Amino acid sequence: MGETRRGKQKKAEAKVELGFEEALGQLEGIVEELEDGDLPLEEALAVFEKGVGLTRNCAERLEETERRIEVLVAEGETLVERPFEAEE
Amino acid sequence: MSETTPRVYSVAEVLGGVNRMFQDRIGRLWIVGEIKDLRRPSSGHAYFTLVDEAGQLRAALFRGNARRMAFEPEEGMEVLAYGDLSVYEARGDLQLIVRQLEPRGLGALQQAFEQLRQRLAAEGLFEVARKQPLPARPRRIGVVTSASGAALRDVLEVTRRRCPGTPILIAPTRVQGPGAEDEISAALAAIATRDVDVVLLVRGGGSLEDLQPFNTEIVARAIAALRVPVISGVGHEVDVSIADLVADERAPTPSAAAEIAAPDDEVLYRELASLWLRLSQATLAHVAEARQRLVHSGDVLRAHAPSARLAAHRERWLAAHRALLRTGPRSVDRLRNRLGALSGRLDSLSPLAVLGRGYGLVRRHSDGAIVRDPADAPAGERLSVRVARAEIEAIVDTSRPLGDL
C-alpha cells in the first residue's frame, strides 16, 4: 500500500489532461458517494483525497485569467496561428 | 389621281387613340427602373419617375394600390413596376399607372432564399436531431467573422467578461460582397482543423444583400459538414438566415452567440465552492462516525517506535490536509471567501482536527484494520494508535464491550 512518488506524479499528470467538465463531474460523483455514507473510513479518506485533487484542478483552471487571442493566417500553403492584434 | 385630304385629328382624338392602343395592344406590363423624384402628397398617392440609363418614365401609384403594398418605396430604390401605360390627356404626358410595385433585388433574393430553404429542409439539414451539443466549458473558442467588424469586438468583450482564461482563435473572412461565401466556407473548414471546441459564426446587421453570403448553399453545407458545433449570430434579431437554420445553435446577435458559447466562470466557481463544502462535510461525517466507534482506552499502554505502515497512513492524511490548505494561496482564499461565514470551518473540517480534540484512531498492527469491537483487539494483540501528535504502539491488556454511544 502507499503510492510511489512516480505513481502519484503520473496520476497528477492524468488529472491535468482531464477536461474541466469531466473533472467537475467526477467531483460531483465523489461528493455523492461520500454523502451516501456507506464507506469505511479508509475509503472515505481516499475518496476525499481524490476530491481535493479534482477541486484543485478545477480551481486552478478557473484562476487562469491570462487572455490568449490568436488569428489563423495562411503562410504560403500552410495555416498558422499568430497572436491577434486588435484594430482600433 | 385626285389628292385625298388627310384625315385631321383633334388632340383629344390622338391621345384617346394612343391610350386605346396601349390598352388593346400592350395592356399591363412589368417595367424595371430606379425611383427618382418621389413625391407623396397628403392625398396618399405617390408620384415618381422611373429611370434607367436611356430614359425616364413618369409614374403614378394611386392611394388604393399604395395601401396594399408591403414595403415603402424609396428614392433611389430599384423596383419592378406593374401597370398600364397611358397618356394623361390634360398634360399630354406619358405615364405608367402603377398597380403593383416590388423592390427589384430584394424580390429575387427572397425568392432564392425560399427555394434554398425548402430544398435544404427537405434534405433534413435543419433537423434538430442533427444538432450537436455545446460544450459547457470549451477549452478554446473559434470565431469566424470579419477581423475588423463590430461583431468580433462584441465577442471578445463578452468572453473577456465571462471567461478571460479561455483562449480564442479567429479565422478572419469577408462577410459580405461577391465571393464572400467562398471565404466563409473556407474559414469554417480551416478553423475546424484546429483545436477548438465550438465555433461562432457571426456578423453584424445589414440589408438582405449584405447578409446574402449567409443564405448560400455553400455556407450552409460548410456549417453542416463541421464536426465541431457552430453557433450562428448573423445580423439583427429579426434576420433569420440559412446559416442560422443549419447551425447547431442560433443567437439573435454576435454578443448573444458569445454568451451561449462562453461559460460564466463566476457561476462555475460558486458551484465548485459548493461541492468543496459538501466534500469536506461528508468526509467529516465519516470521520465522526468512525470516532463513535473508537475505543477510548485510558488503560496501560506501552509506547513503541511507530511502524512503517502507520507512518505511511499518517503521511497520506497529512498530505491531504496540506492539500486542503495549500491548494495555491489565491485559490484557497477565493474558496474561503466564497464560503463566507463558513470559511473558518474549513480547517475544522479536516479529519486531523478531530484528532486534535483528543480522539485517537486505533488499528491492529498486523493488518491495519480499524478496531471497533472487542473481538478486533483481544488480549495480547498489538495495536497502533494515532493521536494528534504521536504514534503509539501498544499491546492490549483487556478489552470489554461497550454499548453503542
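In this predicted model, seven strands line up as an open sheet, in the order 2(A)-1(A)-7(B)-6(B)-8(B)-9(B)-10(B), with mixed pairing. At its edges sit strand 2 (78–83) of chain A and strand 10 (249–250) of chain B, each pairing on one side only. On the chain A end, strand 1 and strand 2 of chain A run antiparallel and are joined by six bridges. One of the pairs here puts A:Ala74 across from its bridge partner in strand 2 of chain A, A:Leu79.

The step from one chain to the other falls between strand 1 (residues 69–75) of chain A and strand 7 of chain B, which pair in the parallel sense over three bridges. A:Ile69 stands opposite B:Ile168 of strand 7 of chain B. Helix 5 of chain B lies across both contributions to the sheet: strand 1 and strand 2 from chain A, and strand 6 (141–145), strand 7 and strand 8 (198–203) from chain B. Against strand 6 of chain B, this helix runs at about 170°.

The shared sheet is part of a broader chain B–chain A contact, to which chain B gives 53 residues and chain A gives 44. Interface size is often quoted as the accessible area lost when the parts come together. Here chain B and chain A bury about 4,600 Å² between them, and 64% of that is on carbon and sulfur atoms. As for polar links, the count between the two chains comes to eleven residue pairs in polar contact, both residues being at pLDDT 80 or more.

On the side of chain B that touches chain A, the elements giving two or more residues are helix 4 (150–162), strand 7 (168–172), helix 5 (180–192), helix 10 (265–292), helix 11 (308–325), helix 12 (329–339) and strand 11 (361–364) of chain B. Helix 10 of chain B makes up the largest share of this side, with 16 residues. By residue type, the chain B side splits into 31 nonpolar, nine polar and 13 charged residues.

Four salt bridges cross the interface of chain B and chain A. Among them is the one between the side chains of B:Arg278 and A:Glu35, at 2.9 Å from N to O. Over all chains, a search of the whole structure turns up 24 salt bridges. An example from inside chain B is B:Glu114 with B:Arg117, whose side chains meet at 2.8 Å, N to O. Both of these residues belong to helix 3 (residues 104–123) of chain B, where they are three residues apart, about one turn of the helix.

Chain B also has a three-stranded open sheet, in the order 11-12-13, with antiparallel pairing. Strand 11 and strand 13 (390–395) of chain B are its edge strands, each pairing on one side only. Neighbouring strands in this sheet are turned by 25° against each other on average, with direction ignored. Between strand 11 and strand 12 (residues 382–387) of chain B, the antiparallel pairing extends over four bridges. B:Arg364 stands opposite B:Leu383 of strand 12 there. Strand 11 of chain B also appears in the list of elements on the side that touches chain A.

One backbone detail is left to mention, in strand 1 (residues 28–39) of chain B, where B:Asp37 is found. B:Asp37 has a positive phi of about 55°, although this residue is not a glycine.

Technical notes: Residues numbered from 1 in each chain as written. Chains lettered and ligands numbered in written order. Predicted model: local features only at pLDDT ≥ 70, side-chain atom pairs only at ≥ 80, totals over all residues. Heavy atoms only, no water. Contact = heavy atoms within 4.5 Å. Buried area = accessible area lost by both parts, 1.4 Å probe. Polar contact = N/O pair within 3.5 Å; in protein donor to acceptor, adjacent residues only side chain to side chain. Nonpolar A, V, L, I, M, F, W, Y, C, P; charged D, E, K, R; others polar. Pairing = 2+ DSSP bridges. Axes fitted to C-alpha atoms, helices over the stretch in contact; angles between N-to-C directions.
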